[in-house]
Amino acid sequence: MAEEAKIALYLNEHFSDDIAVALRERGYDVVSSHGSEMDGKPDADQLVYAVSQKRALLTGNFGDFIDSASTKSFSMSARIIGVVTRSGYRFSK
């Protein structure tokens, strides 16, 4: 049987720390901005933190993170694992 791919997640302040706790209890590798002293930090800092921890970012404001990733303040040499969103943002085809 093939080994399951697992992704480490970083939940920003749009998600309760209770969600991170519940996911950890189910075996997921999750940290939150609440437990990482990142609450209130700018979006670019949230993205840099997620990248530095090799985690995909779970957020409710995808558009702001696309803007952050495209600014000069964010090093494009960094490897973004992923940005996961729960918003109703729609992509064009």
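Lysine 54 comes out as exposed in this predicted model, since its relative accessibility is 63%. The residue sits in the loop between H2 and E3, and its phi is positive, at about 55°, although lysine 54 is not a glycine. Glutamate 37 tells a similar story. Its phi is also positive, again about 55°, and glutamate 37 is not a glycine either. This residue belongs to the loop between E2 and H2 and counts as exposed because its relative accessibility reaches 68%. As background, most residues other than glycine have a negative phi. A positive phi turns up at a glycine too: glycine 27, which follows H1, has a value near 95°.

Next in the chain after lysine 54 is a residue with rather more going on. Arginine 55 is likewise found in the loop between H2 and strand E3 (56–59), yet arginine 55 counts as buried, because its relative accessible area is 10% and the cut-off for buried is under 20%. What does the side chain of arginine 55 reach at 3.1 Å? The partner is the backbone oxygen of leucine 9. The arginine 55 side chain also makes a polar contact of 2.9 Å with the side chain of aspartate 29. That second pairing qualifies as a salt bridge, with 2.9 Å between the closest N and O atoms of aspartate 29 and arginine 55. It ties together distant parts of the chain, 26 residues apart: aspartate 29 is in the loop between helix H1 (17–25) and strand E2 (30–32), while arginine 55 is in the loop between H2 and E3. The structure holds 1 salt bridge in total. On the acidic side of the bridge, aspartate 29 is partly exposed, because its relative accessibility is 43%.

Aromatic pairing is just as sparse, with a count of 1 aromatic pair. Why does the pair formed by tyrosine 10 and tyrosine 49 count as tilted? The ring planes meet at 55°, with the ring centres 5.0 Å apart, so the pair is tilted; edge-to-face would need an angle over 60 degrees. This pair, too, links distant parts of the chain, as tyrosine 10 is in strand E1 (residues 9–11) and tyrosine 49 is in helix H2 (residues 43–52), 39 residues apart. Tyrosine 10 counts as buried because its relative accessibility is 0%.

Turning to the nonpolar interior, the largest core is built from 7 residues, namely Leu9, Leu11, Phe15, Ala20, Val30, Ala56 and Leu58. E1 and E3 each contribute at least two of its residues. Alanine 20, one of the core members, touches Leu11, Val30 and Ser32 once residues up to four places away in sequence are set aside. There is also a second, separate core of 5 residues, among them Met38, Leu47, Ala50 and Leu57. In general terms, nonpolar side chains tend to be buried together in soluble globular proteins.

Ahead of H1, glutamate 13 is worth a look. This residue is found in the loop between E1 and H1 and is partly exposed, because its relative accessible area is 36%. Leaving out neighbours within four places in sequence, glutamate 13 contacts Ser33, His34, Met38, Asp39, Gly40 and Gln46. Its side chain reaches the backbone nitrogen of glycine 40 at 2.5 Å. The C-alpha atoms of glutamate 13 and serine 32 are 7.3 Å apart, with the two positions 19 residues apart in sequence numbering. A little further along, at the start of H1, a side-chain oxygen of serine 16 comes to within 2.9 Å of the backbone nitrogen of aspartate 18.

Zooming out, the protein chain contains 3 helices and 4 strands, which run β-α-β-α-β-α-β from the N terminus on. Of its 93 residues, 31% count as buried. How much of the contact set with a separation of 6 or more comes from residues 24 or more positions apart? The share is 56%. Finally, the accessible surface of the protein chain adds up to about 6400 Å², and 51% of that area belongs to carbon and sulfur atoms.

Methods
Residues numbered from 1 in each chain as written. Predicted model: local features only at pLDDT ≥ 70, side-chain atom pairs only at ≥ 80, totals over all residues. Heavy atoms only, no water. Phe/Tyr/Trp six-rings, centres within 6.5 Å; stacked < 30°, edge-to-face > 60°. Buried < 20%, exposed > 50% of the residue type's maximum accessible area, 1.4 Å probe, protein only. Polar contact = N/O pair within 3.5 Å; in protein donor to acceptor, adjacent residues only side chain to side chain. Salt bridge = Lys/Arg side-chain N within 4 Å of Asp/Glu carboxyl O. Core = buried A, V, L, I, M, F, W, Y, C linked by side-chain atoms within 4.5 Å. Contact = heavy atoms within 4.5 Å. Areas by Shrake-Rupley, 256 points an atom, 1.4 Å probe, with all protein chains shown as cover.
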